[in-house]
Protein chains: 2
Amino acid sequence: MKTILPLFLALAGAVSVPAKLVTQTVEYKQGDATLEGYLAYDDSVAGPRPGVLVVHQWLGLTDYEKHRAEQLAGLGYVAFCADIYGKGIRPKDTSEAGVQATKYKSDRALLRLRVNAGLDELKNNALVDKTRVAAIGYCFGGTTVIELARSGADLQGIVSFHGGLDSPTPADGKNIKCKVLICHGADDPFEKPADLAAFEDEMRQAHVDWVLIKFGGAVHSFTQPLAGNDNSKGAAYNEPADRRSWAAMKMFFAGIFQ
Amino acid sequence: MKTILPLFLALAGAVSVPAKLVTQTVEYKQGDATLEGYLAYDDSVAGPRPGVLVVHQWLGLTDYEKHRAEQLAGLGYVAFCADIYGKGIRPKDTSEAGVQATKYKSDRALLRLRVNAGLDELKNNALVDKTRVAAIGYCFGGTTVIELARSGADLQGIVSFHGGLDSPTPADGKNIKCKVLICHGADDPFEKPADLAAFEDEMRQAHVDWVLIKFGGAVHSFTQPLAGNDNSKGAAYNEPADRRSWAAMKMFFAGIFQ
C-alpha cells in the first residue's frame, strides 16, 4: 500500500485544478442608462458552464452581492451581479435605499428592462452556456428576479431569498417559463398572509413549476449577517435559514442545470 | 497511464463493499397489543449507524412503506417500519382504512403510545446509533410522526410527507425536542389554510426548529405512485414533488445526523 498511495494521490491531484477566482467590474447599458455590474468566475473551469445572475437588495450592489457571486463562482458557475439602479447610484442609507427601491417597485416595466439587461449581459459572456442560466435575488432582488420570470425571460430558474412576492399584474404569471424557488422567512412581517396567498394563486393559475420553503423562526433579511440578530426588528440574520436556503438553491440548480 | 489506471480502479474498489440488503419481519409489543413491523438495513455497513422509523399511510403497513425502508437502508440507515394498527390489521380498502385511521386520530394518546413503541423497537436494535434517530411518515404516518414529536420523544428529527397537521392540543408543541420538516402539497385539498396557519402558530409559539416546503401543483399523496395522476381527485402522484421531497429529506438528515 505504501507504494500505491502516493500514486493514487498524484492521480487524484491530476483531475482537479486549483480554483482561480477572477472578478471584474463590468459596465453595460439599458437604453441610455449606464449600469455597473460585477462578474465572478473560476478561471480553472474549462469551457462553457451555467450562468447565475445575482440581483441586489434595496441598498444596491454592495459587497454582500459580490461575495455571493464569488461563492457561486466557487461552485463552478459564471456569476454576474446586475446593477438595477445605475452606475454610481449606491444608496448611503435606508432612506436613499427606500427612494430607489420604490422607484423600481412602482415601475415594474422599467424594473423588468433593467433586470433583463443584466441577464443579457450574463448570457453574452462567452463562458456561459446559454441553455443553463438562472437568477437569484435578495429582498428587493428577490422581487426583481420574480419580475424577470414574469417578463417571460428565457432562463431555467429563479430563486428568491426573502423577496417581496406581490404583483400589480398577477396575470403575468402566465409568462413564466422557468422553474421557481421561493425561500421565505416564516415570521417575515413584511410579507402578509394575503401576499403569500396571492402569490401562490398566481403560480397555481399559471401552472408554474414552483416550490416555496418557509423557514421557521426566520424574519426578513435572514441571509444577511449585517441585519443583526434581533427578530423583533422584523429583519435579522438567521444562520440555519441562511445555510438551509443556500443548500436548497444548490439542490434546485442541480435539478435545472442537468 | 495504462499501467496506473487498473491500479486506481482496484484501489477505488477496495474502499466500497457491495451492498447487502437484509430485511426482516419483526414482532413487538405495545401494552398487550402485538405489532408487526419491518426492518431493513445494509449488512455491508459496519458499526452503529443512524436509524429511521417509517410510519405507514392509512392503509396500514404495506409494500409501499417496506420499499421506502429499503431505500433508506440503501442510504446506509437502519430503517424500521412501525405497525400502528397491530398484527394482522391490514385494511383491505379505504373504508376499513378510514375506520382504523379515525380510531387513532381521535385517540392521540393511544397513537403516541403505538408510535413510541416503534421508536423504542428501532432504538433497541444494536445496529442503531441511539443519538442519531429520525422518523418519517406518509399521510396518516405524517400526522403520526408529528404526534411522536409532540409526545416529547427523544429523537433528532421528523419528516412528514403530506401528513395532516392538525392538533387537538396545540400546546403540546412545547414538548417538541427535535427538528421538524414538513413536505406539503400546495394544492392538497385535505389541508385547509386554517390548519396550516394553526400548525405554523403551534411551531412558532413553541420555538420549534421547523421548515415547511410547499410543492406547487401537488395534491395529497404526492409520493404515492398508486394514487394515480388525476389531481381533481384530491390525491395523486406527483413525480417532481416526490423526487424533490425525498431530496429535501436527505438534506435534512445530513443536517441532523452530523
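In helix H2 of chain A, the residues Tyr64(A), Glu65(A), Arg68(A), Ala69(A), Leu72(A) and Ala73(A) are buried, as judged in what is a predicted model. An α-helix has 3.6 residues a turn, so residues three or four places apart point the same way. The elements that cover the buried residues of H2(A) include strands S1 (21-30), S2 (33-42), S3 (49-55), S4 (78-81) and S5 (128-138), together with H7, of chain A. The length of the helix can be checked as well: at 1.5 Å a residue, the 12 residues of H2 (residues 63-74) of chain A should span 16 Å, and because the C-alpha atoms at its ends are 16 Å apart, the expected and computed values agree. After H2(A) comes Gly76(A), which has a positive phi, near 100°.

A second helix of chain A, H5 (residues 140-150), is mostly covered, with 11 of its 11 residues buried. The buried residues of H5(A) include Phe140(A), Val145(A), Ile146(A) and Leu148(A), and also the charged residues Glu147(A) and Arg150(A). H5(A), like H2(A), is followed by a glycine with a positive phi, in this case Gly152(A), for which the angle is near 85°.

At the level of the whole chain, the secondary structure of chain A amounts to 7 helices and 8 strands. The C-alpha trace of chain A extends over about 65 × 45 × 40 Å along its principal axes. For 258 residues, a compact globule would have a radius of gyration near 18 Å, and the 19 Å found for chain A therefore agrees with that expectation. Of the 258 residues in chain A, 54% are buried. Among the contacts in chain A with a separation of 6 or more, 66% are between residues 24 or more positions apart.

Three individual residues of chain A illustrate the surroundings of buried positions. Trp210(A), which is found in strand S8 of chain A, has a relative accessible area of 2% and is therefore buried. Beyond its neighbours within four places in sequence, Trp210(A) is in contact with Val180(A), Glu200(A), Met203(A) and Arg204(A), and also with residues of chain B, namely Ala186(B), Lys214(B), Phe215(B), Gly216(B) and Gly217(B). Between the C-alpha atoms of Trp210(A) and Gly51(A), which stand 159 residues apart along the chain, the separation is 20 Å.

Ser221(A) is placed in the loop that runs between S8 and H7 of chain A, and because its relative accessibility is 10%, this residue counts as buried. When residues up to four places away in sequence are left out, Ser221(A) touches Cys139(A), His162(A), Ala227(A), Ala235(A), Ala236(A) and Tyr237(A). Lys123(A), by comparison, belongs to helix H4 (residues 108-123) of chain A, and its relative accessibility of 13% is under the 20% limit, so that Lys123(A) also counts as buried. The contacts of Lys123(A), apart from those with neighbours within four places in sequence, are with Val128(A), Lys130(A), Val133(A) and Asp154(A).

In chain B, two residues are notable for their backbone angles. Most residues other than glycine have a negative phi, and most peptide bonds are trans. Cys139(B), although not a glycine, has a positive phi of about 50°, and its place is in the loop between strand S5 (128-138) and helix H5 (140-150) of chain B. With a relative accessible area of 10%, Cys139(B) is buried. His162(B), likewise a residue other than glycine, has a positive phi near 40° and lies in the loop between strand S6 (157-161) and S7 of chain B. His162(B) counts as buried because its relative accessibility is 1%.

The final feature considered is the largest pocket, which holds about 790 Å³ of space. Among the 35 residues lining this pocket, those closest to its centre are Ala247(A), Ala248(A), Met251(A), Ala248(B) and Met251(B). Both chains contribute elements to the lining: strand S7 (179-185), strand S8 (210-215) and helix H7 (239-256) of chain A, and strand S7 (179-185), strand S8 (210-215) and helix H7 (239-256) of chain B, each supply at least two residues. Sorted by class, the lining of the largest pocket comprises 23 nonpolar, 4 polar and 8 charged residues.

Conventions:
Residues are numbered from 1 along each chain as its sequence is written. Chains are lettered from A and ligands numbered from 1 in the order in which they are written. This is a predicted model: local features need pLDDT of at least 70, side-chain atom pairs count only at pLDDT 80 or more; totals for chains, interfaces and linings use all residues. Side-chain values use heavy atoms; hydrogens and water are left out. On a 1 Å grid over the protein atoms alone, a cavity is a set of points where a 1.4 Å probe fits but cannot get out, and a pocket is an open set with protein on both sides within 12 Å along at least five of seven lines; lining residues have an atom within 4 Å of a point. Grid points are joined across faces, edges and corners, and a volume is the space filled by probe spheres set on the points. Helices (H or I, at least four residues) and strands (E, at least two) are DSSP runs, numbered from the N terminus. The expected span of a helix is 1.5 Å times one less than its number of residues. Buried means under 20% relative accessible area, exposed over 50%, partly exposed in between (1.4 Å probe, protein chains only). Contact means heavy atoms within 4.5 Å. The radius of gyration is taken over C-alpha atoms; the globule rule is 2.2 Å times the number of residues to the power 0.38.
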